[in-house]
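Here are my notes on the model. Please read them with the structure open.

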Amino acid sequence: MARANRQGIRAGAAVVAAAAAVAGTVWGVTVLVEPGHGRHEHENVGRQTDTGGTGGGSDDGANGGGANGGGAKGAGGAQQSQIPDGIAHSSESGGNTVNITIDDGPDPQWTPKVLEVLKKHEVKAVFCMIGPQAKAHPDLVKQVVAGGHRLCDHTVDHNTAMGKKPLDYQEKQILDAQKMIEDAAGGGAKVEYYRAPGGAFTPDSRRIAAAHGMRPLGWNVDTKDFGKPGVAAIVNAVKNEIGNGPTVLFHDGGGNRAQTVEALDQVLAWLKDQGRPTGFPVRTAPDAS
């Protein structure tokens, strides 16, 4: 099955490239500078609506059609609905629900502290893990799953230039990390999302992820916590940018995350005061708005 998916993905690459050349860029490309992560072009553009993937529009302006296959099997072995390859931003709960996402772990010092804060506020999050980190700390991956949180593939090497790499490189980065994370999690747990390093998605990487049961996952609010700007700055970023959409980006890896832990605590308390629930990003259906 995996071999067939890969052949389909490669076969679709030429079609996507031709379509992109004709269609041009519809949504535009932005440049993000993330301290320690490098400068890169990406498709993530903070958005309040999500695209549907196969047969529909995609965030990069090229048709997202192609090799999603017939869906992926979930943890229980049942056939899932086909996973769209459009970049998800909205919440599956709709309304004013906020999605908390945590990148670059797991980390033996900071992931447990993040988990404590989430438990304190009874909040579930998506953890976008780097493959070797998950392999090195399977106990932490299991803790994340046991806490009711969801797993996300953040590649093997967190190469923010991945969008400029060959198809084989992108495929290996995504699928090897997926296996590392799922092996570490054990118990049939599945990786349900894929987040490109720094948002460096490509039509091919999105299609690879979707074909293997992972919804491409963007963000609307970049807290800039990776650069350690101070707790107040991180909290204010959420307050000032939450109008951009519901998915918020934090980090539990990549260095000292003490500011993140404190800011996350304050942000979750503020969201509760605002009457805003938390949930998970959409997976199997495009945003209807």
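**Notes on the predicted model**

1. Surface. About 11,700 Å² of the protein is exposed, and carbon and sulfur atoms supply 52% of that area. Keep in mind that this is a predicted model.

2. Overall make-up. The protein has 289 residues, of which 54% count as buried. Its secondary structure consists of eight helices and 10 strands. Among contacts with a separation of 6 or more, 76% join residues 24 or more positions apart.

3. Strand β3. This strand covers residues 98–105. Eight of its eight residues are buried, so β3 is largely enclosed by the rest of the structure. Buried here means under 20% relative accessible area.

4. Partners of β3. Which strands pair with it? Strand β10 (residues 278–279) is one, in the parallel sense, over two bridges. Here Asn99 stands opposite Gly279 of β10. Strand β9 (residues 247–251) also pairs with β3 in the parallel sense, over five bridges. On that side, Asp103 stands opposite His251 of β9. Strand β4 (residues 126–129) runs parallel to β3 as well, and four bridges join the two. Gly105 has Met129 of β4 as its bridge partner.

5. The crossover. How does the chain get from β3 to β4? The path goes through helix α2 (residues 111–120), and this β-α-β crossover is right-handed. Helix α2 therefore links two strands that are themselves joined by four bridges.

6. Reading the strand. In a regular strand the side chains alternate between the two faces of the sheet. Please keep that in view when inspecting β3, where eight of eight residues are buried.

7. Aromatic pair. The count comes to one aromatic pair. Tyr194 and Phe201 form this pair, with 5.7 Å centre to centre and 90° between the planes. The arrangement is edge-to-face, because planes over 60 degrees apart count as such. Are these two residues buried or exposed? Both Tyr194 and Phe201 are buried.

8. Charges over rings. Two cases deserve a look. The charged end of Lys165 sits over the ring of Tyr169, at 5.7 Å from the ring centre. The charged end of Arg257 sits over the ring of Phe226, at 5.1 Å from the ring centre.

9. For the figure. I would show β3 with β4, β9 and β10, since the pairings with β3 are parallel in each case. A second panel could show the edge-to-face pair of Tyr194 and Phe201. A third could show Lys165 over Tyr169 and Arg257 over Phe226.

Terms used. Residues numbered from 1 in each chain as written. Predicted model: local features only at pLDDT ≥ 70, side-chain atom pairs only at ≥ 80, totals over all residues. Heavy atoms only, no water. Phe/Tyr/Trp six-rings, centres within 6.5 Å; stacked < 30°, edge-to-face > 60°. Buried < 20%, exposed > 50% of the residue type's maximum accessible area, 1.4 Å probe, protein only. Lys NZ or Arg CZ within 6 Å of the ring centre and 35° of its normal. Pairing = 2+ DSSP bridges. Right-handed = clockwise from strand over helix to strand, strands pointing away. Contact = heavy atoms within 4.5 Å. Areas by Shrake-Rupley, 256 points an atom, 1.4 Å probe, with all protein chains shown as cover.
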